[in-house]
Amino acid sequence: AQRLAIMGAMDPEISILMDALEKPKVTTIGGIDFYTGKLNRKKVVLVKAGIGKVNAAYSTAVLTQNFKLDGLIFTGVAGGLHPDAMPGDIVIGSALVQADFGLLDSEGFTPWNFRNLSGETHPELFVYADSSLVQLSLQASELVDFQPVSTRPPRVLQGVISTSDLFVSDPVKANWLYTEFNSLATEMEGAAVAHICRLLELPFVVIRSCSDNANTDASIDFAEFVGPAAANSASLVLGMLELM
Ligand code: ADE
């Protein structure tokens, strides 16, 4: 049996999974700690990537070149952009986009991206998650008891997640990310991980729970909700492993 990789950016995003890991063993490669063991009877490798696209890409590269994997699940928090994406809500990323990759000229910023492997250039703004992993996450979301965070029970959304090397704390920028890419939530790693998984044809999905709404209050909300939101995302991952 091969392994499933589970990646988060920060400690609160992986601590619950780390605590649940059976027979954990740590292997340090290239400065990154990889924790192997079992979660819900499934062989996993858990990794904290660090914040931002460079850390995410580096960790994904080292991970994929050193472990035999049959899939990767990214778990963590995001800024909700969709009007229905309140703190604690789950966003299943079925498509990822680098929102800060493109052309900057006198007209402003134009999103643009490509896949380039062995000299092949191929326009690819969105990178799509594995449909089986998306389906599995939707199935698991019906079974998991999510923590209530906002004033109503948590909702589950599925769609585009945008990624940039920016913590977004501006309603105008948040609205741009929503309208330009139709992205339901924004974060700082997903599209980088997705890009590398696409190059390697490794099935992946990005699971996020909203810690804030990427608006003026984002930093305050993040501090308050990062714990319960990260827990909701991790619970969904555990639910997925249960169904595997
Ligand atoms: N992760 C959680 N909240 C975020 C935000 N507002 N912007 C970028 N990444 C985030």
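# Questions on a predicted model

Student: Is Leu241 buried or exposed?
Tutor: Leu241 has 21 other C-beta atoms within 10 Å. A residue with 20 or more such neighbours counts as buried, with 12 or fewer as exposed and in between as partly exposed, C-beta atoms being placed from the backbone. Leu241 is therefore buried.

Student: Before we go on, what kind of model is this?
Tutor: Residue numbers start from 1 in each chain, following its sequence as written. Local features need pLDDT of at least 70, side-chain atom pairs count only at pLDDT 80 or more, and totals for chains, interfaces and linings use all residues, since this model is predicted.

Student: Which residues beyond its sequence neighbours does Leu241 contact?
Tutor: Leu241 sits in helix 6, where helices are DSSP runs of H or I of at least four residues and strands runs of E of at least two, numbered from the N terminus. Contact means that the C-beta atoms, placed from the backbone, lie within 7 Å. Outside four places in sequence, the partners of Leu241 are Leu39, Asn40 and Lys42.

Student: Which residues of helix 6 meet helix 3?
Tutor: Helix 3 covers residues 131-141, and helix 6 covers residues 218-243. Helix 3 contributes Leu136, Ser137, Gln139, Ala140 and Ser141 to this contact. Opposite them, helix 6 contributes Leu236, Gly239, Met240 and Leu243.

Student: How many residues in the contact of helix 3 with helix 6 are charged?
Tutor: Here Ala, Val, Leu, Ile, Met, Phe, Trp, Tyr, Cys and Pro count as nonpolar, Asp, Glu, Lys and Arg as charged, and the others, Gly among them, as polar. By that division, five residues of the contact are nonpolar and four are polar. The number of charged ones is zero: there are no charged residues.

Student: What are the counts of helices and strands in the protein?
Tutor: The protein has 244 residues, of which 45% are buried. Its C-alpha trace spans about 55 × 50 × 30 Å along the principal axes. Its secondary structure consists of six helices and 14 strands.

Student: How much of the contact count at a separation of 6 or more comes from residues 24 or more positions apart?
Tutor: Here the tally leaves out pairs with a separation under 6. Among the contacts that remain, pairs 24 or more positions apart account for 77%.

Student: Which element supplies the largest share of the shell around the ligand?
Tutor: Four elements each supply at least two residues of the shell: strand 5 (69-80), strand 13 (183-187), strand 14 (204-212) and helix 6. The shell as a whole has eight nonpolar, four polar and two charged residues. The largest share, three residues, comes from strand 5.

Student: Which residues come nearest to the ligand?
Tutor: A residue belongs around the ligand if its C-beta atom, placed from the backbone, lies within 6 Å of it. There are 14 such residues. The ones that come nearest are Gly79, Val168, Glu187, Ala214 and Ala218.

Student: What is the phi of Ala214?
Tutor: Ala214 belongs to the loop between strand 14 and helix 6, and is buried with 30 other C-beta atoms within 10 Å. Most residues other than glycine have a negative phi. Ala214 is not a glycine, yet its phi is positive, at about 55°.

Student: Where does Arg41 lie?
Tutor: Arg41 also has a positive phi, near 70°, without being a glycine. With 9 C-beta neighbours inside 10 Å, Arg41 is exposed. Arg41 lies in the loop between strand 3 (32-39) and strand 4 (42-48).

Student: How far apart are the C-alpha atoms of Gly93 and Val134?
Tutor: Gly93 is in strand 6 (residues 90-98) and counts as buried, with 33 C-beta neighbours inside 10 Å. Beyond four places in sequence, the contacts of Gly93 are Ala129, Ile161, Gly190, Val205, Val206 and Arg208. Gly93 and Val134 are 41 residues apart along the chain, and their C-alpha atoms are separated by 7.8 Å.

Student: Which residues does Ala57 contact outside its sequence neighbours?
Tutor: Ala57 is part of helix 2 (residues 53-66). Its 17 C-beta neighbours inside 10 Å make Ala57 partly exposed. Beyond four places in sequence, Ala57 is in contact with Ala192 and Ile196.

Definitions and conventions:
Axes are lines fitted to C-alpha atoms, for helices over the stretch in contact, and angles run from 0 to 180 degrees between N-to-C directions. Two residues are in contact if their C-beta atoms, placed from the backbone, lie within 7 Å.
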